[in-house]
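Biologist: I'd like a close look at just one part of this model, the largest pocket. Could you take me round it and through the elements that surround it?

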Amino acid sequence: MEKVSLKPYNDYCPQTLFLYGTYDENGNPDLGLFCWFSYIWDGEMGVMCSIGGNKTTKENIHRTKMFSANLVTEELLPIADHMGTVSGSDPNKMKVDLEFGQGAVLPVPVVNASPVNFELEVMQFIPLHDGEVMLCKIRNVLQDSSLSSDETVEQKLRRIAPVKTTCKHYFGYDGRDMGAWGEPGKSL
């Protein structure tokens, strides 16, 4: 196979999407859409997340040192896309039809329609040039009780249909193109 050199990119490394849930300074839920999320090991499983630029969600995380990471499914994609394309300073951003619960261990908002919600506590912020990495402890995982069924992991994933992104497009669990960033949210 012949190889060619390119500028750095991640086109063939799709990332799973999560809505990061925080509370603003008035105690209202605030969500941001992010995909730079992966797992680490430091004596126990943890999470590393990255947020670039200035974001309201990042400000809230810095203030409280905790947040939720709510798995985005195909059903949630229009709202998630809206959360990822509308500025956190827009007073209408959170005016969507979405129900929130409360974390079971940490005081973080969780998206009730998401089948898997991580409650995360930031242990370390690692500043970068235009962003930062957060190393987090998983304090709790909430999951839809139907995921405790006898189905295989493949069957469960197919049923909940998590969304991934690459090349500024969303893709369904089956690889189907679900639109460019900014498109699914227009249906709201």
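**The largest pocket and its surroundings**

Modeller: Twenty-nine is the number to start with: 29 residues line the largest pocket, and Leu33, Phe34, Lys55, Gly84 and Trp181 lie nearest its centre. (A pocket here is an open set of points on a 1 Å grid over the protein atoms alone, where a 1.4 Å probe fits and protein lies on both sides within 12 Å along at least five of seven lines; lining residues have an atom within 4 Å of a point.) Bear in mind that this is a predicted model, so local features need pLDDT of at least 70 and side-chain atom pairs pLDDT 80 or more, while totals for chains, interfaces and linings use all residues. Numbering runs from 1 along each chain as its sequence is written, and side-chain values use heavy atoms, with hydrogens and water left out.

The elements that give two or more residues to this lining are E3, E5, H1, helix H2 (77–85) and strand E11 (164–166). Helices (H or I, at least four residues) and strands (E, at least two) are DSSP runs, numbered from the N terminus. The space in the pocket comes to about 590 Å³, taking a volume as the space filled by probe spheres set on grid points joined across faces, edges and corners. As for chemistry, the lining splits into eleven nonpolar residues, 14 polar and four charged. (Nonpolar covers Ala, Val, Leu, Ile, Met, Phe, Trp, Tyr, Cys and Pro; charged covers Asp, Glu, Lys and Arg; the others, Gly among them, are polar.)

Now take those elements in turn. E3 is mostly covered, with five of its six residues buried, where buried means under 20% relative accessible area with a 1.4 Å probe, counting protein chains only. E3 pairs with E2 in the antiparallel sense over six bridges; strands pair if DSSP finds at least two bridges between them. Leu33, which we met by the pocket centre, is the bridge partner of Leu19. The two strands make a hairpin with five residues between them, and Gly27 in the turn has a positive phi of about 85 degrees.

E5 has a hairpin as well, with E4: three residues sit between the strands, and Gly43 in the turn takes a positive phi of about 85 degrees. Five bridges join these antiparallel strands, and one pairing to look up is Ile40 with Gly46 of E5.

H1 spans residues 56–64, and its buried residues are Thr57, Lys58, Asn60 and Ile61. Looking down the helix axis, you'd see these fall within an arc of 160 degrees, so they line one face of H1; the arc is taken from the directions from the axis to the C-beta atoms. The buried residues of H1 pack against quite a list of strands: E2 (18–23), E3 (29–34), E5 (45–52), E6 (66–71), E9 (116–127) and E10 (131–143). Packing is judged by contact, that is, heavy atoms within 4.5 Å. Just after the helix, Lys65 has a positive phi of about 60 degrees.

Over in H2, the buried residues are Leu77, Ile79, Ala80, Asp81, His82 and Met83, and they pack against E2, E3, E12 and E13. His82 is worth a stop. Its relative accessible area is 15%, so it counts as buried. Neighbours within four places in sequence aside, His82 touches Asn92, Lys93, Val96, Gly185 and Leu188.

That leaves E11, which belongs to an open sheet of four strands in the order E1-E11-E12-E13, paired antiparallel. E1 (15–16) and E13 (177–180) are the edge strands, each with a single partner, so one side of each has no neighbour in the sheet. E12 (residues 169–171) and E13 are joined by three antiparallel bridges, with Ala180 of E13 as the bridge partner of His169. E12 also holds Tyr170, which is buried at 2% relative accessibility.

For contrast, glance at the second largest pocket, with about 360 Å³ of space. It has 16 lining residues, and Tyr39, Leu71, Val116, Leu157 and Ile160 are the closest to its centre. Strand E4 (37–41), E9 and helix H3 (153–160) each supply at least two of the lining residues, and H3 gives the most, with four. That lining divides into twelve nonpolar residues, three polar and one charged.

Key: Buried < 20%, exposed > 50% of the residue type's maximum accessible area, 1.4 Å probe, protein only.
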